[in-house]
Amino acid sequence: MATTTAKPLIQIDDEVRPMTTEEHTAYKAQQTANAKAEAEAQAKVAARASALAKLAALGLTEAEIGAL
Amino acid sequence: MAGTTTYYGISYPTNTDYVKDGASAIQTVATGFDSAVAIPTYNAQTGTTYTFALTDVGKTVTASNASAQTYTIPPTASVAWATGTTLYVINLGAGVVTFAAGAGVTVTNTAQTLQTYQSARLVRTGLNAWTVTPDSGTASGLTLVSATTIGTTVSSVAVTSAFSATYDAYKIIITGGVGSASGNIALQLGSTTTGYYAGYTDINYGTAVLSGLSNNNAASFTLAGYGTTAALSFNVDLQNPFLTKNTILNSSTGPTTTGGGSRIGTGYLANTTSYTDFTLTPSSGTLTGGTIRVYGYNN
């Protein structure tokens with residue numbers, strides 16, 4: 001027998017109910033897009049931290065790095 | 001009384017009549033006066049709309065509804081308002097009472113809405129001119145537009161009719177509530193899923209390291225708030241969401257987790273769409289409890 005998985009709950013003002021198929025599709029797409037945006041933001045932070053670490057390894061002081 | 005004329009529900013002998021039974025006429029007038037004027041009476045309204053009537057004069061109109069309510073002043077052509085008429089209204093409900101003008105009526109100071117337990121007098125200043133005069137003084141800087149209680153384990157919460165022509169700027173703030181996991185709370189306007197640009201400065205509590213985060217043509221303001229299993233942190237100001245201009249974001253959040261950091265963001269939504277609704281979505285897990293309140297900055 002096929003099993004069904006309950007969809008996440010959506011709230012619109014005071015009404016709480018399971019998402020419709022269309023809402024669930026839109027929700028998943030939004031979550032994917034948001035996760036991508038967050039990953040990109042965090043990747044930039046990580047890249048900057050990596051660059052600063054390499055500069056420090058080259059012997060630059062924090063003041064010198066800050067002045068760049 | 002042979003002939004009578006009625007004013008505000010009280011029967012008086014017509015002044016051209018010969019009053020045969022004077023004592024009876026006086027008693028009738030006195031009884032009418034008691035019921036209409038001398039004994040304070042209420043008009044208890046519980047709907048979301050109401051149009052004032054002549055019988056409201058001299059009474060206290062009480063408004064009681066959990067949702068927003070609109071009270072309309074009809075024109076003199078519909079109701080024979082007397083010169084200097086004053087209507088008295090008290091809001092006993094959770095919803096905000098807004099005053100509106102009927103056809104051909106001008107009501108000034110309609111930005112003055114009634115929060116719970118606030119009251120106002122509506123003073124007729126002309127044939128079809130009225131002024132809202134709040135008993136609690138002039139409007140404060142912020143007026144509550146809506147309060148939405150977050151349900152249990154919801155994955156997204158949409159608030160409709162949050163933005164209107166009444167205000168150009170809004171504050172959205174969450175009090176109480178928890179998340180099922182730690183994660184960001186994204187803010188989406190209407191159904192728009194593109195064009196969100198924002199920059200966020202993030203200072204880690206432990207290391208004090210400053211990081212820059214951004215939304216670059218993102219599907220929402222992904223970092224507007226933050227939720228943990230301890231609390232929800234969401235405090236956003238929006239400019240122009242209802243106007244046909246770019247919507248501008250100002251956000252601040254302090255995640256309640258020792259590994260988190262203070263985050264302040266500013267940005268904009270790159271379109272000129274007029275929005276009335278918004279949706280909050282946690283990046284992971286669900287939200288439970290707490291209240292989303294929307295305030296309008298008085299113009």
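Let's start inside chain B, with an antiparallel pair: strand 14, residues 169–175, and strand 26, joined by seven bridges. One rung of that pairing sets B:I174 against B:I292 in strand 26. Keep in mind that this is a predicted model.

Stay with strand 26, which covers residues 291–297 of chain B. Strand 12, residues 142–149, also pairs with strand 26. That pairing is antiparallel too, and it runs over seven bridges. Which residue of strand 26 is the bridge partner of B:T148? It is B:I292. We just met B:I292 as the partner of B:I174.

Now step back to the whole of chain B. The chain has 26 strands and one helix. It has 299 residues, and 32% of them count as buried. Take the contacts in chain B with a separation of 6 or more: 65% of them link residues 24 or more positions apart.

Next, the core. The largest nonpolar core has 60 residues. Those with the most contacts inside it are B:V89, B:L122, B:V157, B:Y170, B:F221 and B:A224. Two domains of chain B, domain 2 at 42–134 and domain 3 at 142–297, each give this core at least three residues.

Let's look at one of those core residues, B:A224. What does B:A224 touch, leaving out residues up to four places away in sequence? The list is B:I185, B:A186, B:L187, B:F234, B:V236, B:L249, B:S251 and B:G265.

Now go to B:Y226. B:Y226 sits in strand 19 of chain B, residues 221–227. Is B:Y226 buried or exposed? It counts as buried, because 24 C-beta neighbours lie inside 10 Å, and the cut-off for buried is 20 or more. Again leaving out residues up to four places away in sequence, B:Y226 touches B:N184, B:I185, B:S233, B:T253, B:P255 and B:G260. Note B:I185, which is on the contact list of B:A224 as well. One more pair here: B:Y226 and B:T256 are 30 residues apart in sequence, yet 8.4 Å apart in space, C-alpha to C-alpha.

On to a small sheet in chain B. It is an open sheet of three strands, in the order 4-6-8, with parallel pairing. Why does strand 4 have one side without a neighbour in the sheet? Strand 4, residues 49–51, stands at an edge and has a single partner strand, so one side is left free of neighbours in the sheet. Strand 8, residues 97–101, is at an edge as well, also with a single partner. From one strand to the next, the twist averages 20°.

Look at one pairing in that sheet. Strand 6, residues 69–73, runs parallel to strand 8, and five bridges join them. Within that pair, B:I73 stands opposite B:A101 of strand 8.

Now for some backbone angles. Most residues other than glycine have a negative phi. Here are two with a positive value. B:A208 has a phi near 65°, and it is not a glycine. Where is B:A208? It is in the loop between strand 17, at 196–204, and strand 18, at 210–218. B:A208 counts as exposed, because it has 9 C-beta neighbours inside 10 Å. The other one is B:N217, also not a glycine, with a positive phi of about 60°. B:N217 lies in strand 18 itself. It is exposed, with 10 other C-beta atoms within 10 Å.

Over to chain A. Chain A has two helices and two strands. Along the sequence, the pattern is β-β-α-α. Of its 68 residues, 9% are buried.

Last stop: where the chains meet. How many residues of chain A are in contact with chain B? The count is 17, and they meet 24 residues of chain B. On the chain A side, strand 1 (9–12) and helix 1 (21–57) each supply at least two residues. Helix 1 gives the most, with nine. By type, the chain A side splits into eleven nonpolar, three polar and three charged residues.

The strands pair across the chains, too. Strand 1 of chain A runs parallel to strand 13 of chain B, residues 154–159, with four bridges between them. In that pair, A:I12 has B:A158 as its bridge partner.

Technical notes
Residues are numbered from 1 along each chain as its sequence is written. Chains are lettered from A and ligands numbered from 1 in the order in which they are written. This is a predicted model: local features need pLDDT of at least 70, side-chain atom pairs count only at pLDDT 80 or more; totals for chains, interfaces and linings use all residues. Two residues are in contact if their C-beta atoms, placed from the backbone, lie within 7 Å. Ala, Val, Leu, Ile, Met, Phe, Trp, Tyr, Cys and Pro count as nonpolar, Asp, Glu, Lys and Arg as charged, and the others, Gly among them, as polar. Two strands pair if DSSP finds at least two bridges between them. A residue is buried if 20 or more other C-beta atoms lie within 10 Å of its own, exposed if 12 or fewer, and partly exposed in between; C-beta atoms are placed from the backbone. A nonpolar core is a set of buried Ala, Val, Leu, Ile, Met, Phe, Trp, Tyr and Cys residues joined through C-beta atoms within 7 Å. Domain bounds come from an automatic or database domain assignment. Axes are lines fitted to C-alpha atoms, for helices over the stretch in contact, and angles run from 0 to 180 degrees between N-to-C directions.
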